[in-house]
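Take a look at the sequence and the 3D structure below. Then read on for a short tour of selected places in both chains.

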Amino acid sequence: MSETLSVILSEPRPGDAERQQLVASLSSGLTSRTTVDLTVIPHLYDLEPSGSTMQFLRETPGPMIVVCWLQPRAAFWTLRVSDVEGRFANEETGPDDTRRPIWCLGVVPGATDKTILDEVDRIIGGEPPLQAAVQVDSITPKRREEKIRERWYPVIDRDRCSGCLECLNFCLFGVYGTDTHDDILIEQPDACRPGCPACSRICPEGAIMFPQHDDPAISGDAEASLTELKLDLSQLFSGADATTLAATERDHALSEMKADKKTDQLDSLVDELDDLDI
Amino acid sequence: MEKPLVFMMGKSPAILPVDRQYAKSHLWVMVDGDLMRLGFSAYAVRLLGDMHHLQWSVAAGDTIEPGQRIGYVEASKATSDIYSPVGGRVERLNEVVLSTPGLVNSNLYDTAWLLEVQGTPHDLLAPESYVQHLEATWPFAQRLLKGQAGRNPTEDR
């Protein structure tokens, strides 16, 4: 690739000096590459789909690298929520996929300015022609200004979503809805309860991400999200006594068995539980 | 100080100081006049693992009912809603624990208290009664930990 490539650098949320420092260093490193057309934007996840920055990203043509404070997969689907078209170039999608590539580089634990710049160079290909130091100092990267606030909403990996609508049935806050084809829709993202990742846990496909969550299984780590879902102990912590817990457990098992029409096993289960005498 | 009670969770001891009361929702309650200070019991902490995130759905000044869901905890092994065993007015949430949830793992009976509620204690358990509650619910807890609770038990045969 010889022409310049659009690189979008997302700022961290305010108040983290270490991350601000890393962004400054990345900004300077990227600006020094004549192959890079750098634009600095506010924190990607906090941008409104209707805002000017997402509008800018939708209108930016051609291949794009997005460096941000999210897991790469979460970053990509955050862009897609706002209709920024493209394919997730971090993964192979096949020769028939003609959408423009979007590489998402997450500033996740272990990443340094060097690892990120190396990855940018690898994507662009070959040694980057650097600008003379004196010029670099005089170049201010393009910056999109937009008034944002901290947001908390689910981001759906549409490649994983099977359309089971478990999330719609589960969420108490009216975040989800469906479109005219009965496909899941994040109807009211900002109705989501800040900090609550519950729908992500119940999603059978590991398709729902909360990019700002501490747990990699929730924030979009591709592997962890399918393997490391945690136990929910709410039932045990509800203060119920042994009898209530046993009854709840039995009712749950019964309803599952009824669904399976395994009536013979049902009888033996009831006998088993009666024998426990608790 | 009087010797604490110990409930064995398999091979792991859950230490339960006897200078306070406990609730079936696995919180300890320290009563001082009409002020109650609440925190996670060692049993709760052992089940949850390393605390990562604590979230309150109530704030200081709010009136809460016994049994009300007041928050949410996310830890290394599990997550759970938090239910208040007592009713009254929330006086204070422990800000230190909010910003440093890991304190619960190192200092659960002292500085890592969770919240203070002004009200009348009701339906709390003496340490001995709490141990009895743990003994009675332990089989269920074990099944839950093994991922078997709520599942068809015949699947594992």
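B:His26 sits in the loop between β3 (21-22) and β4 of chain B. The model is predicted. In it, B:His26 has a positive phi of about 65 degrees, although it is not a glycine. Is B:His26 buried or exposed? B:His26 has 30 other C-beta atoms within 10 Å, so it is buried. The cut-off for that label is 20 or more.

Chain A offers another positive phi. A:Asp83 is a residue other than glycine, and its phi is near 65 degrees. A:Asp83 lies in the loop between α3 (72-81) and β4 of chain A. A:Asp83 has 11 other C-beta atoms within 10 Å, so it is exposed. Here the cut-off is 12 or fewer.

Two further residues were checked for burial. B:Leu134 counts as buried because 23 C-beta neighbours lie inside 10 Å. A:Ser6 has 18 other C-beta atoms within 10 Å and is therefore partly exposed. The table sets out the four residues.

| Residue | C-beta atoms within 10 Å | Label |
|---|---|---|
| B:His26 | 30 | buried |
| B:Leu134 | 23 | buried |
| A:Ser6 | 18 | partly exposed |
| A:Asp83 | 11 | exposed |

**Chain B**

Chain B has four helices and eleven strands. It holds 157 residues, and 39% of them count as buried. Take the contacts in chain B with a separation of 6 or more: residues 24 or more positions apart account for 59% of them.

B:Leu134 belongs to helix α4 (residues 127-145) of chain B. Which residues does B:Leu134 contact, leaving aside its neighbours within four places in sequence? They are B:Phe7 and B:Tyr43. B:Met9 is 125 residues away from B:Leu134 along the chain, yet their C-alpha atoms are separated by 9.2 Å.

Now to the strands. Strand β4 (residues 27-32) and strand β5 (residues 35-40) of chain B run antiparallel, joined by six bridges. Within this pair, B:Met30 stands opposite B:Arg37. The two strands form a hairpin with two residues between them. B:Gly33 is in the turn and has a positive phi of about 65 degrees.

β5(B) also pairs with strand β11 (residues 115-118) of chain B. This pairing is antiparallel too, over four bridges. B:Leu35 stands opposite B:Gln118 in β11(B).

**Chain A**

How many strands form the open sheet in chain A? There are six, in the order β4-β5-β3-β1-β2-β6, and the pairing is parallel. β4 (87-88) and β6 (142-143) of chain A stand at the edges. Each has a single partner strand, so one side of each is left without a neighbour in the sheet.

At one of these edges, β4(A) pairs with strand β5 (residues 101-106) of chain A in the parallel sense, over two bridges. A:Phe88 stands opposite A:Ile102 in β5(A).

Elsewhere in the sheet order comes β1. A:Ser6 has its place in this strand, β1 (residues 5-10) of chain A. Leaving aside neighbours within four places in sequence, A:Ser6 is in contact with A:Asp37, A:Thr60, A:Gly62 and A:Met64. One of these, A:Asp37, is 31 residues from A:Ser6 in sequence. In space, the two are 4.8 Å apart, C-alpha to C-alpha.

Conventions. Residues numbered from 1 in each chain as written. Chains lettered and ligands numbered in written order. Predicted model: local features only at pLDDT ≥ 70, side-chain atom pairs only at ≥ 80, totals over all residues. Contact = placed C-beta atoms within 7 Å. Pairing = 2+ DSSP bridges.
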